[in-house]
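The following exercises ask the reader to work through one protein structure step by step. Each task is followed by a worked solution.

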Amino acid sequence: MKKILSYIPIILLVIFLTSLKKSSTNDTLTTSNSDKVIEQKVDSVLALMHLNEKIGQLVQYSGKWNATGPSSSKTDQFKLEKLKNGEVGSMLNIASVATTRETQKIVMDNSRLKIPLIFGYDVIHGYKTIFPIPLGETASWDLNIIKNTAAIAAKETAASGIHWTFAPMIDVSRDARWGRIMEGAGEDVYLNKVVGVARINGFQGTNLTDTNTIAACAKHFAGYGFAEAGRDYNTVNVGEFELHNTILPPFKAAAEAGVATFMNSFNEIDGIPATGHKVLQRDILKRDWNWNGFIVSDWGSIGEMRNHGYAKDKKHASEIAMNAGSDMDMESYAYEANLERLLEEKKITLAQLDDAVKRVLRVKFKLGLFKDPYKYCNEEREKNNVFTEAHLAIARDGAKKSIVLLKNETNILPLSKNIKSIAVIGPLANDKDTPLGNWRGKGENNSAVSLLEGIKNAIGNNTEIHYEKGIDLTVPNIKPGSNQFLHPLEFNNTDNSGIAAAVDAAKKADVVLLAIGENAYQTGEGRSQSNIGLLGLQNELLKAVYKVNKNVVIVLMNGRPMDISWAAKHVPSILECWFLGSESGNAIADVIFGDYNPSGKLPVSFPHNVGQEPLYYNQKMTGRPSSPKHVTYSGYQDAPKTALYPFGFGLSYTTFEYKNLMLDKTEIPTNGEIKVSVDVTNTGNRDGEEVIQLYIRDLIGSITRPIKELKGFEKTMIKSGETKTIHFTINAETLQFYTINKKWEVELGDFNVWVGGDSTTNLKASFTVVD
Ligand code: BGC
């Protein structure tokens, strides 16, 4: 028997060679010919697999292997045995050439069929070179830079032996309380679509067999961004039409862009946990969208269906998940223990199991792992392909483009490089860690350029710099350097002993740069907050400094829209700097000294206060949108209902004027097309980039429609004094929505169209869709 087993790889080889003969090229994503070949290979491997091996392909473990050999812990021993038996399809959280090679070798040396593992990791905004958090980078509205940073992240990740990132997150997110708002592209459907596709194209490139590309994962399918009250993992209650019109479009775009994998999500939707949601996974994604990648569960989300009160035990949970089309089990240990029995009991079918296995094998073939399971394991690439000067230059470019100038009332900014003195104050002013954000891949702790360093790098010795921290934002970590991803933060609410020195520094300076906002770990998974203001003693510091020097520029670092209404009222300048990554301080200095004219625009609305959340520009009208006289309309008695800083908003050091909005016709049939043009003039005395935004409203719908919807944008450089004519096209793609007929259709009737520099633009035209 043993002898026969040892021949099996040869049998495999024979099958491969036969199918290779029919192939004209390597495994690629692009040609249908190679798709056919991949299908043949997948089938040939499947035909050889025993049941335990099939189930094994659907198992994903997290591991902390180290280069000198697997640890002796009981769980690790258990995983080791499973690996040897070929009963594991994937591992996550193993990173480095040495560890991935070692783990892959366990499978290659011991398992019967030697089916390579696929290694996954959360590479959210960079691997070693850290780029702006996804929400911040979206503020660039620059799809090229977004694609480029994803491509570099892929290159660095692949250089560490990893094949697969759990990104991009394309959950439309409208609640600033939700900590994971930092991880996506914000509140708008269109922006999530195009930014998501740019990231997928960046990660995957055009050929997944290329050792510089990795498989992407569209997550979390679906509805995770709609957690009630912004509380992570919470219940989601959206109706069918909201699901189709708002939540699903970015996922459909991802599927069409060829994303290799999907991840389902922790939340329930209208009573059904997403992980066990057949309509979402089997009917919509796999059948209607005809997508052939695999779906990985979220961490333990199969098992968590017990907590939801949806499954009585893990066996029941496995039955639900498999029937619903959830292919790979991340860390629930549910499939491995139950699928065989469920098959025997006919609660799941072999066809379902085979389909799931084929999906996993398909991605492995597309990555070229069968040809060379170690192809990503190359020490030279690992050493030389990461954190390079070239990567850092792109990180700086992406970071400066992501900064949003929210206020510049007295034109303090840009500062002259000949300024006599600057006070650089605040808990985040010389913080080299916070700009890395929460999901920082393998970015070294404390490796970002701080604001203070960036300022010093930018100016000569003639300017005095007075640095004072003022306060600590959080109580210094008890275990310095420990991974804080899972740990709650403790804010400093008592020690204000440094404020006096900060006030002295402010008194001495021409201008104060005040770096405040959030700790890196304040946003991210599990980081929901009911208070989105400046926590700890930051308000005290801000007010004390402002009292002695009115020339304050707030350099805000944060992962969510914050309540900064006091600052917005008093402080003359505010720069929204998110968590900008490795080159943070240099990029901020580029903007502060005018080497780069800020061009970022908000991908999320900033509220006046947390009570307005969830707040987003593309709301519905309601039956009582406004009333000048009475209280009986949809608003608040103690706050406006609009944003403090709206979606799409961001200032420049120059100004832009919009004129001559023209439509080439005012009536079109449902399949017609309208050309829109607008003249945009740079009326200031600096060259600058502007993001020209196109919005529409369908005035009467079979389903009520949002008051405005972004449908296109163009970011372009306009020279001082220059006028550019910008063109957009409106067509069925722009106008259709998921109608009362449960179909994507263009409905007849009147539409408004607006063009402008943010979502409050009132430069408007109208047209009608006629029969
Ligand atoms: C998150 C996912 C992530 C996974 C693996 C989960 O807790 O929700 O987004 O990819 O962990 O780390």
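**Exercise 1. Cysteines**

Is C377 buried or exposed? Give the corresponding result for C217, and state how many disulfides a search of the structure finds.

*Solution.* The model is a predicted one.
Step 1. The relative accessible area of C377 is 10%. Buried means under 20% relative accessible area, so C377 is buried.
Step 2. For C217 the value is 0%, and this residue is likewise buried.
Step 3. The search of the whole structure yields zero disulfides.

**Exercise 2. The ligand and its surroundings**

Determine which residues surround the ligand, and describe the polar side-chain atoms that lie beside its oxygen atoms.

*Solution.*
Step 1. The residues around the ligand are L92, D122, F166, R180, K219, H220, M263, F266, D298, W299, M330 and E525.
Step 2. Sorted by class, this shell has six nonpolar, one polar and five charged residues.
Step 3. Consider the distances to oxygen atoms of the ligand. A polar side-chain atom of D122 is 2.4 Å from one such atom. For an N or O atom in the side chain of R180, the distance to a ligand oxygen is 2.7 Å. For an N or O atom in the side chain of K219, the distance is 2.8 Å.
Step 4. On its own, the ligand has 310 Å² of accessible area, and the protein covers 93% of it.

**Exercise 3. An open sheet**

What is the order of the strands in the open sheet of five strands, and which strands stand at its edges?

*Solution.*
Step 1. The order is β4-β3-β2-β1-β10, and the pairing is parallel.
Step 2. The edge strands are β4 (164–165) and β10 (329–330). Each has a single partner strand, so one side of each is left without a neighbour in the sheet.
Step 3. Within this order, β2 (residues 90–92) and β3 (residues 118–121) run parallel and are joined by three bridges. L92 has G120 as its bridge partner in β3. L92 is also one of the residues around the ligand.

**Exercise 4. Strand β6 and its two partners**

Describe which way the residues of β6 point, and identify how β6 pairs with β5 and with β9.

*Solution.*
Step 1. Strand β6 covers residues 261–264; T261 and M263 point one way, F262 and N264 point the other way, and all are buried.
Step 2. With β5 (residues 217–221), β6 pairs in the parallel sense over three bridges. Here F262 is the bridge partner of A218.
Step 3. With β9 (residues 294–296), the pairing is again parallel, over three bridges. In β9, I295 stands opposite F262.
Step 4. As general background, strands of a sheet pair through backbone hydrogen bonds, either parallel or antiparallel.

**Exercise 5. An antiparallel pair**

In which sense do β20 and β21 pair, and how many residues of β21 are buried?

*Solution.*
Step 1. Strand β20 (residues 688–698) pairs with β21 in the antiparallel sense, over nine bridges. One bridge links Y695 to L710 in β21.
Step 2. Strand β21 (residues 709–718) has seven of its 10 residues buried, so it is largely enclosed by the rest of the structure.

**Exercise 6. Unusual backbone geometry**

Locate W141 and N660, and give the phi angle of each. Then state which residues the cis peptide bonds described below join.

*Solution.*
Step 1. W141 is in the loop between α6 (134–138) and α7 (143–158). Its phi is positive, about 50°, although W141 is not a glycine. With a relative accessible area of 2%, W141 is buried.
Step 2. N660 lies in strand β17 (residues 656–663). Its phi is near 55°, a positive value in a residue other than glycine. N660 is partly exposed, with a relative accessible area of 43%.
Step 3. The peptide bond from F221 to A222 is cis, with omega near 5°. A222 is placed in the loop between β5 and α9 (240–247).
Step 4. A cis peptide bond also joins L413 and P414, with omega of about -5°. P414 is in the loop between β11 (404–408) and β12 (421–425).

**Exercise 7. A buried asparagine**

With which side chain does the side chain of N752 make a polar contact?

*Solution.*
Step 1. N752 lies in strand β25 (residues 749–756).
Step 2. Its relative accessible area is 9%, so N752 is buried.
Step 3. The contact is with the side chain of S766, at 3.1 Å.

Conventions: Residues are numbered from 1 along each chain as its sequence is written. This is a predicted model: local features need pLDDT of at least 70, side-chain atom pairs count only at pLDDT 80 or more; totals for chains, interfaces and linings use all residues. Side-chain values use heavy atoms; hydrogens and water are left out. A residue is near a molecule or strand if one of its heavy atoms lies within 4 Å of it. A polar contact is a pair of N or O atoms within 3.5 Å; within protein, one must be able to donate a hydrogen and the other to accept it, and residues adjacent in sequence count only if both atoms are side-chain atoms. Accessible areas come from the Shrake-Rupley method with a 1.4 Å probe; for residues, only the protein chains shown count as cover. Ala, Val, Leu, Ile, Met, Phe, Trp, Tyr, Cys and Pro count as nonpolar, Asp, Glu, Lys and Arg as charged, and the others, Gly among them, as polar. Two strands pair if DSSP finds at least two bridges between them. Helices (H or I, at least four residues) and strands (E, at least two) are DSSP runs, numbered from the N terminus. Buried means under 20% relative accessible area, exposed over 50%, partly exposed in between (1.4 Å probe, protein chains only). A disulfide is a pair of cysteine sulfur atoms within 2.5 Å.
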